[in-house]
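Take a moment with the model before reading on. We will follow one stretch of the chain, step by step.

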Amino acid sequence: MTKLKSDFLNVMTERGFVHQSSDLEGLDALAANKKAVAYVGYDCTAPSLHVGHLISIMMLTWLQKSGNKPVALMGGGTTRVGDPSGKDETRQLRTVEEIDANKDSIKRVFSNFLTFGDGQSDAMMVDNAEWLAPLNYLEFLRDVGRHFSVNRMLAMDSARLRLEREQELSFIEFNYMLLQAYDFVELNRRYGTNVQMGGSDQWGNIVTGVDLGRRMGVKDQLFGLTCPLLTTASGAKMGKTAKGAVWLNEPQLSAYDYWQFWRNTEDGDVSRFLKLFTFLPMDEIARLSALGGAEINEAKKQLATEATALVHGREKAEAAEATAKKTFEQGALATDLPTVEIARADLATGIGVLAAFVKSGLVASNSEARRQIQSGGLKVNDEAVTDEKATLTADAESSGVIKLSLGKKKHVLLKPV
């Protein structure tokens, strides 16, 4: 292909965002003329998005930086159905009230990345419940459903993998790809949206939307662009930890824990993640990526601070870095570590060390706590726990709190109230 013309796709390719495109040259010409209006859809299945969504949010952000228009689509309608893509079982159906509450909570993160307004490149946020909720089923089947081949739908990964594994695929989930494709058509009709972006697991749904637009006579050519589904250098799914998903909203995950997630990046992922999850210039990324040995920890710290600043703000990112420095490098008790409150009366009478670690969230169960004690993995106020029957009391307090540690990197403060 010829050399790319648009700032947007030059950045996308240089930083590793591009996985598949329905027509890269056509999209490049569109973006070069500042006429790309691109959307990503986000279903409202939880009160926060997670790190797995961050790559598509960054795509929208770079799109706006290049003078094109991003659209964040809230799935107030599609969440009522549930996307089967990449899932081994049917999603739990949520009430309209739960979906609306999740949607309101999710919206907050976008203000950290996008500028909203009425200008040519200002971002928009819309909800597909606007056109999906009032749909007449018979009219939808006649106007939209007739363009879909069941044979092709069964060949899509979202359906095929379920059927090959002999796992149930509900009729309501089977309809999801119709609704997502119809979203693209409606967004084009209402707002001139001409590009859909998403993870590579959405490729089948995206190209189905491009095809539906052609079949239903939309005036614009529609384009699809996907980013890779990320795994770490060791093959693990990006954004999953032993404690669960790495959430973007602070009520679900503290800024400190978010910073720690990035600080613990595997050596082999540092360069790639600096390109994808920061706005650092490429020459600075090249310098950081060249660091070897113990020096690579400096690159990891910068990755953690830059990535955290995008989601939580520069002040909280730098505070998290300072807390980590106090805790790990200076051995001090940083009072802004993640904190779990405990009734002072419970400390007065004594709380079992196993129960304390479970309450802190550092371990999931008493049995896990016992295994960690046997391997020397648990500490109270930096002293190794050797007796699983020990109790923590007010006498064990340090600076008004009790510091619990799992290994060298995970710490929680028990704070009496």
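The expected span of a helix is 1.5 Å times one less than its number of residues. Keep that rule in mind for a helix in this predicted model.

The helix is α11, residues 203-215. How far apart should its ends be? With 13 residues at 1.5 Å a residue, α11 should span 18 Å. Its end C-alpha atoms are 18 Å apart, so the expectation and the model agree.

Now step back to strand β5, residues 195-199. Is this strand mostly covered or open? Mostly covered: five of its five residues are buried. β5 has strands to pair with. Strand β2, residues 37-43, runs parallel to β5 and is joined to it by two bridges. In one pairing, Tyr 39 has Gln 196 of β5 as its bridge partner. Strand β6, residues 223-227, also runs parallel to β5, with five bridges between them. Here Met 197 stands opposite Leu 225 of β6. To get from β5 to β6, the chain passes through α11, and this β-α-β crossover is right-handed.

Return to α11 and look at its covered side chains and backbone. Its buried residues include Ile 206, Val 210 and Leu 212. Gly 204, Gly 209 and Gly 213 are buried too. The buried residues of α11 pack against helices α7 (150-155) and α10 (176-191), and against β5 and β6. After α11 comes Gly 217, with a positive phi near 75 degrees.

Finally, consider the cysteines. Cys 44 is buried, at a relative accessible area of 0%. Cys 227 is buried as well, at 1%. How many disulfides does the structure hold? Zero.

Definitions and conventions
Residues are numbered from 1 along each chain as its sequence is written. This is a predicted model: local features need pLDDT of at least 70, side-chain atom pairs count only at pLDDT 80 or more; totals for chains, interfaces and linings use all residues. Side-chain values use heavy atoms; hydrogens and water are left out. Buried means under 20% relative accessible area, exposed over 50%, partly exposed in between (1.4 Å probe, protein chains only). Helices (H or I, at least four residues) and strands (E, at least two) are DSSP runs, numbered from the N terminus. Two strands pair if DSSP finds at least two bridges between them. A crossover is right-handed if, with the strands pointing away from the viewer, the path from the first strand over the helix to the second runs clockwise. A disulfide is a pair of cysteine sulfur atoms within 2.5 Å. Contact means heavy atoms within 4.5 Å.
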